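New to this one? Take a moment to look it over before reading on.

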Amino acid sequence: MVSVSDAQAIILDLVQPLDLQRDTEVVDLLAADSRILAVPVTSPLDFPHWDNSAMDGYAVRYEDVQHSSAEQPAVLEIVEDIPAGYQPKSRIQSGEAARIFTGAVIPAGADTVVMQERTRREENRVFILAAPQPQEFVRHKASFYQAGTQLLPAGIKLNASEIAVLAAAQCPQLNVYRRPRVAIFSTGDELVTVDQPLQPGQIVDSNQYALAALVKESGAEPILLGIVKDDPVTLERVIAHAVAIADIVLSSGGVSVGDYDYVDKIIESLRAKIHIRSVEMRPGKPLTVATFPSTDAINRVSPHSALYFGLPGNPAAVLVTFWRFVLPAIKKLSGITEGWEPVFLKVRSHDELRSDGKRETYLWGKLHLINGVYEFHKAGGSHSSGNLINLAQTNALAVLPMGKTSIYPQEEVQVLQLSNG
């Protein structure tokens with residue numbers, strides 16, 4: 001059995017990011033949201049594209065207005081109105097000004113903008129009631145970004161702000177990494193699908209639905225392989241197929257030490273190398289992590305060596321182990337260059353949190369912001385690994401380290417921040 005920190009290190013060391021030569025595709029900008037940029041982006045455009053005004057007001061020559069005041073205002077002739085999107089026609093001479101609006105091009109000869117609140121207009125004259133700073137409210141060409149330099153680096157997730165930048169830079173198509181492929185199946189004779197009537201002793205396979213949703217949230221592509229009965233021949237066929245089509249394989253159930261827990265033996269027969277068999281955590285102790293040989297051994301389609309996670313069968317344990325180990329692995333595989341490690345916060349506990357101290361313990365609940373401080377509220381009810389119900393609407397896992405048996409109300413606790421909730 002390995003510690004949680006050692007398990008994380010082993011898993012992340014096993015993950016090899018998608019390959020720039022083999023695993024990229026071109027997508028339209030509108031389809032690029034949440035994708036991982038594969039190639040750095042440059043633009044032939046300067047930002048701003050030209051000197052422009054940051055205010056509604058008057059474009060002037062600073063030397064004409066540097067001594068202006070309410071008592072002795074400079075008086076300038078208005079020679080042009082310049083709205084946004086208009087190319088100025090005039091060159092501002094001594095004693096002249098142009099009415100200008102936010103975003104409009106600064107006319108030749110002008111070097112400063114006086115905001116309209118510091119002026120008074122009378123017909124075609126403007127009175128400057130306060131001296132501006134030199135070049136005030138002028139956004140200079142290329143002051144935000146210089147054409148030809150790197151605009152965005154590779155290995156970042158494209159969110160709304162990056163999409164906006166790329167649109168402004170006139171990048172209609174992008175090279176992004178393909179989505180990681182994650183095969184998912186559940187094992188057990190007792191499992192039925194959501195649309196089947198329950199018989200005595202049967203349970204609904206919620207794990208496959210939960211994992212599919214989590215994989216989608218991560219930006220990867222879930223490949224659902226259904227329920228596999230506790231039959232070694234069938235299970236071997238499904239596992240061989242899964243590792244042939246996916247980068248990561250997630251199975252739930254069959255990794256404990258029961259008479260019908262076949263997963264470890266089968267993956268070893270397929271020449272997998274098992275790196276982890278169990279982890280010192282609760283819930284989630286029975287966790288198998290393995291890698292398969294690439295290509296020739298079992299006719300894999302992908303040149304990657306598939307990473308296999310044999311997750312526990314209990315629903316809460318499945319979710320906790322996904323958040324703790326699988327999600328960081330998917331993020332690193334996806335091509336993100338940094339930020340794939342779990343995010344932990346130190347917050348205040350609202351409730352007393354208890355553990356037997358024998359293993360690192362995870363308790364689920366919700367973060368609330370109270371007077372500017374995050375507070376963890378433990379979900380009510382049982383925190384059994386088989387209890388799925390009180391996991392709904394949670395957004396954090398409180399962590400009690402091995403050896404720690406209690407955290408009292410108002411004490412500090414470390415929590416793993418989740419993507420949901």
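Here is a quick tour of the domains, a sheet and the nonpolar cores.

## Domains

First things first: this is a predicted model. The domain assignment splits the protein into domain 1 (4-21 + 178-333), domain 2 (24-47 + 145-177), domain 3 (52-139) and domain 4 (344-417). If you want a feel for the spread, try domain 3 and domain 4, whose C-alpha centres are 60 Å apart.

## The sheet

Now for some strands. Six of them make up an open sheet, with 6 strands in the order β7-β4-β6-β5-β9-β8 and mixed pairing. At the edges you'll find β7 (112-115) and β8 (119-122), each pairing on one side only. Going from one strand to the next, the twist averages 35°.

Zoom in on β5 (residues 74-82) and β9 (residues 125-128): they run antiparallel and are joined by 4 bridges. Across from Phe127 in β9 stands Val75.

## The nonpolar cores

Which residues have the most contacts inside the largest nonpolar core? They are Leu250, Phe309, Phe322, Trp323 and Phe325, in a core of 48 residues. Helix α7 (residues 315-333) is the top contributor here, giving 12 residues. Apart from this core lies another, of 22 residues, including Ile239, Ala240, Tyr262 and Tyr308.

Phe322 is worth a closer look. Leaving aside residues up to four places away in sequence, Phe322 touches Leu211, Leu214, Val215, Leu250, Leu327, Pro328 and Ile330. As background, nonpolar side chains tend to be buried together in soluble globular proteins.

Conventions
Residues numbered from 1 in each chain as written. Predicted model: local features only at pLDDT ≥ 70, side-chain atom pairs only at ≥ 80, totals over all residues. Heavy atoms only, no water. Core = buried A, V, L, I, M, F, W, Y, C linked by side-chain atoms within 4.5 Å. Buried < 20%, exposed > 50% of the residue type's maximum accessible area, 1.4 Å probe, protein only. Helix = DSSP H or I, 4+ residues; strand = E, 2+ residues; numbered from the N terminus. Contact = heavy atoms within 4.5 Å. Pairing = 2+ DSSP bridges. Axes fitted to C-alpha atoms, helices over the stretch in contact; angles between N-to-C directions. Domains from an automatic or database assignment.
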